[in-house]
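Colleague: I'm new to this protein and would love a tour. Could we start with the model itself and then talk it through?

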Amino acid sequence: MPAENLAVVLGMFETGLAVGRSLGRAGIRVLGIDSVKKIGFYSKYIESKICPHPVERESEFVAFLIGIAKEQKQKPALFVTSDEFLTAVSRNRKCLATHYLLNFPEADIIEAVTDKWKQYELCAKAGVPAPRTFVAENFEQLRQIRDALPYPLFIKGREVNSWRKTMGVDQKGFMVNTPEELVDIFQLLFERGAPGLIQEVIPGPDSNHFKACCYIAENGDMLLAFALRKIRQQPVRFGFGCVVESIYYPEMLELGKKFLTRIGYRGVGSVEFKLDEKTSELKVIELNPRYWQQNGLAEKCGMNFPLMNFLDVTGSKPPAIVAYRDRIKWVNIYHDFESFRDYRKAGRLSTKQWVQSLRGPKMYSDFASDDVYPWLYELSSRKILSRSLRFAAKALKRPFR
């Protein structure tokens with residue numbers, strides 16, 4: 001029987017929704033927190049509260065969290081599901097640890113991971129392959145390196161939160177094929193004060209992206225290790241996995257575990273790799289030091305990461321789990337419509353192939369038969385139902401009125 005501690009989940013996007021459901025189904029009381037109302041607020045498994053913005057009003061946010069903890073008889077367990085909360089929690093870890101049960105990487109690891117250049121240096125130190133990465137802090141540095149770089153290249157934010165603030169949440173980065181394009185993009189970044197990172201593009205399709213998702217206990221034991229593969233991304237090539245599936249890929253999992261172990265990682269984390277189709281080498285794309293968006297897939301496959309996290313920090317000493325079901329899909333159907341349109345426009349996916357790719361055992365990002373209100377909220381708030389039906393009808397070349 002789980003302990004009676006409250007579980008406080010920071011971030012109520014679909015990542016936090018999945019964490020809350022996984023805990024709630026196990027009989028754990030869950031409080032979900034975000035600065036605005038999001039999909040997780042509508043789950044029957046989650047009580048919810050609005051909080052001060054963790055980046056814009058950090059001190060008020062920390063005081064808010066401490067106030068919640070003081071209302072409890074036992075220390076609550078803390079779960080982080082978004083980058084903006086991660087930064088605030090990491091900076092105030094010492095203070096929050098006196099009020100909450102938590103298992104997070106050390107502050108220096110969080111700092112290295114949130115700064116993509118430092119993350120690249122971390123990979124080199126751990127002896128794990130990664131794409132060649134370059135930085136340019138001014139035009140003089142850019143001019144010195146631009147003609148020697150391995151084009152094509154992908155330009156992305158060096159630090160996630162500042163990039164999103166200046167470039168927007170949906171702008172993942174920019175693909176450039178020539179030195180001239182590189183200079184144009186960096187002129188835009190310098191003007192907006194958005195530090196950019198230059199990274200070589202690893203050749204291979206989107207389905208060459210894999211994730212090693214792990215939970216490492218406070219004592220260093222590897223309690224969970226789960227593998228998934230991206231089937232499609234949105235945006236295409238450089239987005240999040242809008243359709244993924246669980247797989248067995250021991251070599252990739254071992255490389256992810258090796259990376260996390262060598263850097264002294266603790267808590268939940270997911271290491272994304274891409275398989276280089278030219279060299280057949282797995283290279284680290286990024287380390288995500290929090291719950292990943294498709295974490296509900298692991299629960300469906302037999303690995304409940306939030307529950308294991310909860311049992312660990314509350315002192316239950318849970319045993320490791322090594323087996324899980326493979327070939328189960330996770331689908332964000334709304335974004336996958338957009339992804340399908342882009343793949344089809346590029347001549348890489350037909351309507352028939354798209355439909356076939358969604359067959360088989362699966363779960364959805366928002367829909368759950370035991371918790372339908374988040375799904376209804378998603379449909380109504382974004383007017384997705386009518387738009388998706390129109391798009392599907394157009395794709396199938398049938399009139400829709």
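**A first walk through the model**

Colleague: Let me start with one residue: in which loop does Arg237 lie?
Modeller: To find a loop, look at the elements on either side; helices (H or I, at least four residues) and strands (E, at least two) are DSSP runs, numbered from the N terminus. Arg237 lies in the loop between strand 10 and strand 11.

Colleague: Before we go on, what pLDDT do local features need here?
Modeller: Residues are numbered from 1 along each chain as its sequence is written, and side-chain values use heavy atoms, with hydrogens and water left out. This is a predicted model: totals for chains, interfaces and linings use all residues, side-chain atom pairs count only at pLDDT 80 or more, and local features need pLDDT of at least 70.

Colleague: Back to Arg237, then. What is its phi?
Modeller: Most residues other than glycine have a negative phi. Arg237 is not a glycine, yet its phi is positive. With a relative accessible area of 34%, Arg237 is partly exposed (buried is under 20%, exposed over 50%, partly exposed in between; 1.4 Å probe, protein chains only). The phi of Arg237 is about 80°.

Colleague: That loop sounds worth a closer look. Which peptide bond is cis, with omega near -5°?
Modeller: Most peptide bonds are trans. The exception here involves Pro235, which sits in the loop between strand 10 (222-234) and strand 11 (240-246). The cis bond in question runs from Gln234 to Pro235.

Colleague: And which peptide bond is cis with omega near 0°?
Modeller: Look for Pro152, in the loop between helix 7 (139-145) and strand 6 (153-157). The cis bond is the one from Tyr151 to Pro152.

Colleague: Is Ser280 buried or exposed?
Modeller: Ser280 is placed in the loop between strand 12 (267-275) and strand 13 (282-288). Its phi is near 60°, a positive value in a residue other than glycine. Its relative accessibility is 59%, so Ser280 counts as exposed.

Colleague: Let's zoom out. What radius of gyration does the protein chain have?
Modeller: The secondary structure comes to 16 helices and 15 strands. For 401 residues the globule rule (2.2 Å times the number of residues to the power 0.38) gives 21 Å, and the C-alpha radius of gyration is close to this, so the chain is as compact as a globular protein of that length. The radius of gyration is 21 Å.

Colleague: What share of the residues counts as buried?
Modeller: For the outside, the chain exposes about 18300 Å² (Shrake-Rupley method, 1.4 Å probe), and carbon and sulfur atoms supply 52% of that area. For the inside, the share of the 401 residues that count as buried is 56%.

Colleague: How far apart do the centres of the positive and negative side chains lie?
Modeller: Lys and Arg count as positive and Asp and Glu as negative, while His and the chain ends are not counted. That gives 59 positive and 46 negative side chains. Each charge is placed at NZ of Lys, CZ of Arg, CG of Asp or CD of Glu. The centres of the two sets are separated by 6 Å.

Colleague: Now a strand: which residue of strand 4 stands opposite Ala7?
Modeller: Both faces of strand 1 (residues 7-10) are covered, with Ala7 and Val9 buried on one side and Val8 and Leu10 on the other. Strands pair if DSSP finds at least two bridges between them, and four bridges join strand 1 to the parallel strand 4 (residues 77-80). The residue opposite Ala7 is Ala77.

Colleague: And which residue is the bridge partner of Ala7 in strand 2?
Modeller: Strand 1 and strand 2 (residues 30-34) run parallel, joined by four bridges. The partner of Ala7 in strand 2 is Val30.

Colleague: How far apart are the C-alpha atoms of Gln199 and Lys278?
Modeller: Gln199 belongs to strand 8 (residues 196-200) and is buried, with a relative accessible area of 9%. Beyond its neighbours within four places in sequence, its contacts (heavy atoms within 4.5 Å) include Pro131 and Phe154. Lys278 is 79 residues away along the chain, and the C-alpha separation is 17 Å.

Colleague: One last pair: how far apart are the C-alpha atoms of Glu106 and Gly267?
Modeller: Glu106 is in the loop between helix 4 (93-96) and helix 5 (107-114), partly exposed at 46% relative accessible area. Glu106 and Gly267 are 161 residues apart along the chain, and their C-alpha atoms are separated by 9.9 Å.
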